[in-house]
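Let's take a walk through a protein together. Have a look at the sequence and the 3D picture below, and then we'll go through it piece by piece.

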Amino acid sequence: MSYSDEDYDLLQKAGKRHLWMHFSRHGVYDDAHDIPIITKGEGMYIWDAKGRKYLDALAGLFVVQAGHGREELAQAAAKQAKELSFFPIWTFAHPQAIQLAERIASYTPGDLNRVFFTTGGGEAVETAWKVAKQYFKLTGKPLKTKAISRQVAYHGTPHGALSITGIPALKEMFEPLVPSTVHVPNTNFYRADDHTGAAVTSWFSDGRGTDAATADDSHQPHPTLGSDLETFGRWAADQIEEAILAEGPDTVAAVFLEPVQNAGGCFPPPPGYFQRVREICDRHDVLLVSDEVICAFGRLGEMFGATKFGYVPDIITCAKGLTSGYSPLGAMIASDRVMEPFLEGTNSFAHGYTFGGHPVSAAVAMANLDIFEREDLNGNVRRNEGAFRSTIEKLLDLDIVGDIRGDGYFYGIELVKDKATKETFDDAESEKLLRGFLSKALFTNGLYCRADDRGDPVIQLAPPLIADQGHFEEMEQILRSVLTEAQNLL
Ligand SMILES: Cc1ncc(COP(=O)(O)O)c(C=O)c1O
C-alpha cells in the first residue's frame, strides 16, 4: 500500500515522535532522514510506504520462510481467532498447542518430545537455561548452573539470554547481568589464525567477575589451526571441554550453540565439530542446547539444523520460521531424559508466558507447516542451495569481498580492507562503510538485507525458502553494483 505525500508525512512525523524502534539509533531520523516504512509483502518482495519495491533477501529477519502475503496463513489466524482467540497454557491446554507440540516432536531428532511454548527466541533460550538449572537441582547436582556459549554469538535480549550472548557491546549497558556464563571460540575458520584461544567468562565486559581459572590464557593456538578445517573444528570443540574443566564440570549446566552461528556472519560447523561436542557434553554431564532460532524450519534445508549436521541435542530452542512470522511463537523442546524429573510427584517448572503457545499462533504454525510439507520447502532449499552458493560466490572476484560462507539459504559475505592479508576495517571505517553507505545504498537499489558489524563487517543473506535462481541473480547483481561502488569509496 502506497501513501499519499500528505499521509506519508503524517506517518513519518508520528513514527519519529512516538515509535521506539528496536536496536535503532533514533538520533539519525530528522527532517532530512526518513524511517523506512514497509507496508506490504508478496512472495519474495516487499514494498515501502512510497510504493517502492524491494527484494527481501533476509526473510524479514530470518523469519518469513514461506514468503509474504500467504492467504491461507491469514485465514488460519482469522479462523482460530473466531473459534478461541485466547487461552493460556498455564495448567490448561487447548487443541492447537497440543497438536502443534505433537507435530513438532515428530520432526525433532532423537527423543526431543516435550515442547514448551514461548512467544519468541530469547524467551526460548531463557527457558532452556532455567530448565537446565532445575533439571540438575532435581537430579542431585545443584551446583551445575553455568552456561557456556561462543564468542560473538547472539542468543537474545532477556537478562539470562543476554548473558549467554557473546557480544560485549550489546551487554555493557545492562551490567551486571546474570553471572555464570563462559564464552569459548566460535568456528570462524576464515579468522582461525587470529585465535588466542582464550575462553573468557564475561559477566562483566571489563573483566570484573572473571574467574581466574578461565582468565588465564592457557589455551594455546594450535600450530595448524588455519590450514585444516577438521583440525580447527576439533580444536574449537575442545575449547568447550577446556572451559568445562576450568570451571569445574560439577558447576556447568549447559552449552548453547547454533548449528550455524549467525552473528559474525554465518559460521558453519567444521566436519565432526558437533559429534565431538556431543561426546564432551556426555562425558561431563552437560546439556547440549541447539539454539535454532534461525536455523530451524528450513533455513538449512531440514526442519532442524541438528538433523543437517547429524547430532542429537538435549534441548532445541526455536522461533522465527515456525509460523513464517504470520504470528509470534517460539519453543523450547526438551528430550525425554530432561523432562523425566519434572514428571515426578509434585515437581513443577515455575515458569511461563501469558502469550506462550497462543492459539492463533499455534494454528498459524500448523498451517505454515502444511505449506512446508505440501510445497516441500526444505527440498527446495536442498535442491537450490548449491546454485545459491555459486551465484553469490561470483562476488569473490571483488577486492572488498574476503569470504563467503554459510549453508542452505543462510550466507554471510565478509568485507575486508585488504583481501590478501584479510585486514579488516577499523571501527570508524566500518561505521562509514556499513552504516554510512552500504545499508542505505543496498536498500535504495532495491535489496533488503543486513549489513552487520557485531563481529567483522558482513552482509547477511537469508531469503524466504521459496527463492529461486532469478532471485539469487537479482541479489548478486545489486550486491555487485553496490559493493563495486563501496570499494571505489575506500
Ligand atoms: C540464535 C538466536 N537466538 C535467540 C534469538 C532471539 O530471538 P527473539 O528475537 O525472537 O527473542 C535470536 C534472534 O535473532 C537468534 O538469532
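What follows is a short tour of the domains, one helix, the ligand's surroundings and one glycine. Keep in mind that this is a predicted model.

Start with the big picture. The protein chain is split into two parts: domain 1, made of 36-66 plus 376-489, and domain 2, which covers 74-374. Their centres, taken over C-alpha atoms, are 26 Å apart. Where they touch, domain 1 puts in 29 residues and domain 2 puts in 26 residues.

Which pieces of domain 1 supply that side? Helix H2, helix H14 and strands S12, S13 and S16 each supply at least two residues of the side that touches domain 2. The top contributor there is H14, with 5 residues. Here is how the residues sort by class, both on that side of domain 1 and in the shell around the ligand:

| Group | Nonpolar | Polar | Charged |
|---|---|---|---|
| Side of domain 1 touching domain 2 | 12 residues | 8 residues | 9 residues |
| Shell around the ligand | 5 residues | 6 residues | 2 residues |

Now zoom in on H14, which runs over 377-393. This helix has 17 residues and spans 23 Å from its first C-alpha to its last, close to the 24 Å expected at 1.5 Å a residue. H14 also has a kink of about 50 degrees, centred on Asn 384. That same Asn 384 is one of the helix's buried residues, along with Leu 377, Asn 378, Val 381, Phe 388 and Ile 392. An α-helix has 3.6 residues a turn, so residues three or four places apart point the same way. What covers the buried residues of H14? The cover includes helices H13 and H16 plus strands S12, S13 and S16.

Next, the ligand. It is surrounded by 13 residues, and the closest are Gly 120, Gly 121, Gly 122, Gly 156 and Val 293. Helix H5, residues 121-138, gives the most to this shell, with 3 residues.

Last stop: Gly 325, which sits in the loop between strands S10 and S11. Is Gly 325 buried or exposed? Gly 325 counts as buried because 24 other C-beta atoms lie within 10 Å, and the cut-off for being buried is 20 or more. Setting aside neighbours within four places in sequence, Gly 325 is in contact with Gly 60, Val 63, Val 64 and Lys 320. Its C-alpha is also 9.2 Å from that of His 68, although the two residues are 257 residues apart along the chain.

Definitions and conventions:
Residues are numbered from 1 along each chain as its sequence is written. This is a predicted model: local features need pLDDT of at least 70, side-chain atom pairs count only at pLDDT 80 or more; totals for chains, interfaces and linings use all residues. A residue is near a molecule or strand if its C-beta atom, placed from the backbone, lies within 6 Å of it. Helices (H or I, at least four residues) and strands (E, at least two) are DSSP runs, numbered from the N terminus. Ala, Val, Leu, Ile, Met, Phe, Trp, Tyr, Cys and Pro count as nonpolar, Asp, Glu, Lys and Arg as charged, and the others, Gly among them, as polar. Domain bounds come from an automatic or database domain assignment. Two residues are in contact if their C-beta atoms, placed from the backbone, lie within 7 Å. The expected span of a helix is 1.5 Å times one less than its number of residues. The bend at a residue is the angle between axes fitted to the seven residues ending there and the seven starting there. A residue is buried if 20 or more other C-beta atoms lie within 10 Å of its own, exposed if 12 or fewer, and partly exposed in between; C-beta atoms are placed from the backbone.
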